Amino acid sequence: MDTLEVPVRNGYELHALDIFQSTLETLLTEVEKIAERQPDDFFTHPKYKLFEAIQNNIFDNVPADPDHRDFRQGLTLGKQNTSWRRVKKKSLPPRYRLFFQFHSKVPKVLFMPG
């Protein structure tokens with residue numbers, strides 16, 4: 001998600017914090033190396049599965065309905081952070097979470113590492 005070219009899905013601009021972008025790019029590099037070494041079965045590797053799950057959530061699941069009740073986390077992070085949403089499960093490995101905020105008046109979604 002380059003800052004010059006902002007992807008838009010379901011009317012939402014998709015943005016990411018620099019640290020999230022950097023982490024995702026590192027993961028992509030690792031997946032590409034695995035694909036070079038194992039071209040026939042790289043898609044079964046856990047890092048590929050993680051990358052694919054993150055991509056599906058960023059570009060499909062979250063923009064489809066960022067205010068879906070599955071993404072709400074109640075008071076988990078305290079009253080001051082109820083605007084943060086969380087992707088839990090949705091093909092992500094058990095220990096991973098994807099956090100985001102969205103605004104419907106100015107349709108934007110901001111992702112950060114979790």
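Tutor: Welcome! Let's start with a term we will need: a polar contact is a pair of N or O atoms within 3.5 Å, where, within protein, one must be able to donate a hydrogen and the other to accept it. Please keep in mind that the model is predicted.

Student: Thanks! How far does the backbone oxygen of threonine 82 lie from a polar atom of the side chain of arginine 85?
Tutor: The arginine 85 side chain also has a polar contact with the side chain of aspartate 67, at 2.8 Å. A backbone partner is present as well, namely the oxygen of threonine 82. Its distance from a polar atom of the arginine 85 side chain is 3.0 Å.

Student: Is arginine 85 buried or exposed?
Tutor: Arginine 85 belongs to strand 3, which covers residues 85–88. Its relative accessible area is 12%. Buried means under 20%, so with 12% arginine 85 counts as buried.

Student: Which residue of strand 4 does arginine 85 stand opposite?
Tutor: Strand 3 and strand 4 run antiparallel and are joined by four bridges. Among the residues that arginine 85 touches, leaving aside those up to four places away in sequence, are Leu98, Phe99, Phe100 and Phe102. The residue standing opposite arginine 85 in strand 4 is phenylalanine 100.

Student: Why is strand 4 largely enclosed by the rest of the structure, and how many of its residues are buried?
Tutor: Strand 4 covers residues 97–103, seven residues in total. Its enclosure follows from the burial of most of them, because the number buried is five.

Student: Which residues are joined into one network by salt bridges that share partners?
Tutor: Arginine 85 forms a salt bridge with aspartate 67, with 2.8 Å between the closest N and O atoms. Aspartate 67 also forms one with arginine 72, where the closest N and O atoms are 3.0 Å apart. Arginine 85 is buried, at a relative accessible area of 12%. Salt bridges with shared partners therefore join one network of Asp67, Arg72 and Arg85.

Student: How many residues apart in sequence are the parts that arginine 85 and aspartate 67 tie together?
Tutor: The two form a salt bridge. Arginine 85 sits in strand 3, while aspartate 67 sits in the loop between helix 2 and strand 3. The pair therefore ties together parts whose separation in sequence, in residues, is 18.

Student: What is the relative accessible area of arginine 72?
Tutor: Its salt-bridge partner aspartate 67 is partly exposed, with a relative accessible area of 30%. Arginine 72 is partly exposed too, and its value is 43%.

Student: Which helix does glutamate 30 lie in?
Tutor: A search of the whole structure gives four salt bridges. In one of them, the side chains of lysine 47 and glutamate 30 meet at 2.8 Å, N to O. Lysine 47 lies in helix 2 (residues 46–64) and its partner in another helix, so the pair ties together parts 17 residues apart in sequence. Glutamate 30 lies in helix 1.

Student: What is the relative accessible area of glutamate 30?
Tutor: Lysine 47 is partly exposed, with 34%. Glutamate 30 is also partly exposed, with a relative accessible area of 28%.

Student: Which residue in strand 2 is the bridge partner of valine 8?
Tutor: Strand 1 (residues 8–9) and strand 2 (residues 12–16) run antiparallel, with two bridges between them. They form a hairpin with two residues in between, and asparagine 10 in the turn has a positive phi of about 50°. The strand 2 partner of valine 8 is glutamate 13.

Student: How far are the C-alpha atoms of glycine 74 and alanine 16 separated?
Tutor: Glycine 74 is in the loop between helix 2 and strand 3 and is partly exposed, at 46%. Along the chain, glycine 74 and alanine 16 are 58 residues apart. Their C-alpha atoms are separated by 23 Å.

Student: What is the radius of gyration of the protein chain?
Tutor: The chain has two helices and five strands, in the order β-β-α-α-β-β-β. For 114 residues the globule rule gives 13 Å, and the chain's value is close to that, so it is as compact as a globular protein of that length. The radius of gyration is 15 Å.

Student: What share of the residues in the protein chain is buried?
Tutor: The C-alpha trace spans about 45 × 35 × 25 Å along its principal axes. The chain exposes about 7500 Å², of which carbon and sulfur atoms supply 51%. Of the 114 residues, the buried share is 31%.

Note on methods:
Residues numbered from 1 in each chain as written. Predicted model: local features only at pLDDT ≥ 70, side-chain atom pairs only at ≥ 80, totals over all residues. Heavy atoms only, no water. Buried < 20%, exposed > 50% of the residue type's maximum accessible area, 1.4 Å probe, protein only. Contact = heavy atoms within 4.5 Å. Pairing = 2+ DSSP bridges. Rg over C-alpha atoms; globule rule 2.2 N^0.38 Å. Areas by Shrake-Rupley, 256 points an atom, 1.4 Å probe, with all protein chains shown as cover.
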